[in-house]
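Reader: I'd like a close look at one part of this model, the residue that the database record marks as the active site, and then a walk outward from there. Could you take me through it in one go?

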Amino acid sequence: MDSFGTRLHRSVSERGPLCVGIDPHPGLLARWGLTDDVQGLDRFTRTVVDALGDRVAVVKPQSAFFERFGSRGVAILESTIRQLRDAGSLVLLDVKRGDIGSTVSAYASAYLDPSSPLYVDAVTASPYLGVGSLAPMFELAAEHGGGVFVLALTSNPEGAAVQRACTADGRTVAQTVIDEISQLNRGATPLGSFGLVVGATIGDTGHDLSGVGGPLLAPGLGAQGAGADDLRTVFGSNLAAVLPSYSREVLSAGPDVAALRAAADRVLAECRGVLAAR
Ligand SMILES: O=c1ccn([C@@H]2O[C@H](COP(=O)(O)O)[C@@H](O)[C@H]2O)c(=O)[nH]1
């Protein structure tokens, strides 16, 4: 199988630079006229897959909203992953996993081994037990054409206190994460398989993203207050690698399938307007 970076590059070339999240918040279920239970969850996710699975480059189910219904929610997540893959979008599971290396091996098997029921194209991972502790994920991803997006500069205001703290060598914690991921992508063309999460809300923080060589997932657009124009400020000369990510901004247009498609088309057009300058 081609590497995740190659597959993502192809999917973005064909469908445009957009990731849409599946975040079935209780408020959204109510707004769609659905019950806050597994039936509502199932109807919500099937509608999003029908509307967007065949047109958006990357779909990002947020695991928390499935896990809150226990094993039946996770079963719906499994079937959502299969449906998305059949519809042709890449599946990025937002689980933000991280632990000591021996446990990360089990997370890697859960999400990045093709024989797993929860096998996806890529996952999000937390580096706060050390980027090196995520090595089993990087290794299994590389073996099976998967990807890993590591948190660097998150979109929430609380993240800065940890991520922008200085390490002994004077770099911020975030810059050490950025530099380690850059190393992993060295030499990969057209795009590395190891990405970073950098929120569209954070403004110009002065971090150096120029050597990353992999995708830059940008959440925080729409509901969290950032707009496509903010991508310029945050990413500067690195716009070519940016994958804008929206959840509630698009999902709140549902349950009408045509309206969901129109919302995705609208945000994609807004982002293209900015990213075209890359
Ligand atoms: O820094 C981060 C990392 C992940 N997220 C996730 O993205 C979506 C955002 O949803 P919106 O409705 O578009 O605000 C959500 O699943 C977060 O857990 C993030 O927001 N920021």
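Author: Here is the marked residue, followed by a tour of some other spots in the chain.

Keep in mind that this is a predicted model, and that the labels I quote from UniProt come from an unreviewed entry.

The residue you're after is Lys-96, which is where UniProt puts the feature "active site". Lys-96 sits in strand S3, which covers residues 90-97. How buried or exposed is Lys-96? Its relative accessible area is 39%, and since buried means under 20% and exposed means over 50%, Lys-96 comes out as partly exposed.

The backbone is worth a look too. Lys-96 has a positive phi, about 45°, even though Lys-96 is not a glycine. As background, most residues other than glycine have a negative phi.

Now for the company that Lys-96 keeps. Its side chain makes a polar contact of 2.7 Å with the side chain of Asp-94. Leaving aside residues up to four places away in sequence, Lys-96 touches Gln-62, Thr-124, Ala-125, Ser-126 and Leu-151. One of these, Leu-151, falls within strand S5 (147-153).

The record also gives a wider frame: UniProt assigns residues 17-263 to "domain: Orotidine 5'-phosphate decarboxylase", again in an unreviewed entry. That span is 41% helix and 16% strand, and its end C-alpha atoms are 14 Å apart.

Next, a helix pair. Helix H6 (residues 101-112) and helix H7 (residues 135-144) have axes that come within 8 Å and cross at roughly 30°. Angles under 35 degrees count as roughly parallel, so H6 and H7 are roughly parallel to each other. Their crossing is right-handed. On the H6 side, the residues that meet H7 are Gly-101, Val-104, Ser-105, Tyr-107, Ala-108, Ser-109 and Leu-112. From H7, the partners are Pro-136, Met-137, Leu-140, Ala-141 and His-144.

For a surface spot, try Pro-157, in the loop between strand S5 (147-153) and helix H8 (159-163). Pro-157 has a relative accessibility of 72% and therefore counts as exposed. From its C-alpha to that of Leu-34 is 31 Å, with the two positions 123 residues apart in sequence terms.

Val-250 is a buried case, because its relative accessibility is 0%. This valine lies in helix H11, and its contacts beyond four places in sequence are Val-20, Leu-52, Leu-260, Ala-263, Ala-264 and Val-267. Gly-225 is 25 residues from Val-250 along the chain, and their C-alpha atoms are separated by 14 Å.

Last, two backbone details to check if you set up a calculation. Most peptide bonds are trans. Here, though, Gly-254 and Pro-255 are joined by a cis peptide bond, with omega about 10°. Pro-255 is in the loop between helix H11 (248-251) and helix H12 (257-275). Another cis peptide bond links Thr-189 to Pro-190, with omega about -5°. Pro-190 belongs to the loop that runs between helix H9 (173-185) and strand S6 (194-198).

Key:
Residues numbered from 1 in each chain as written. Predicted model: local features only at pLDDT ≥ 70, side-chain atom pairs only at ≥ 80, totals over all residues. Heavy atoms only, no water. Helix = DSSP H or I, 4+ residues; strand = E, 2+ residues; numbered from the N terminus. Buried < 20%, exposed > 50% of the residue type's maximum accessible area, 1.4 Å probe, protein only. UniProt positions renumbered as here; feature names shortened; annotations may be inferred. Contact = heavy atoms within 4.5 Å. Polar contact = N/O pair within 3.5 Å; in protein donor to acceptor, adjacent residues only side chain to side chain. Axes fitted to C-alpha atoms, helices over the stretch in contact; angles between N-to-C directions. Parallel < 35°, antiparallel > 145°, perpendicular 65-115°, else oblique. Left-handed = near helix turned anticlockwise from the far one by under 90°.
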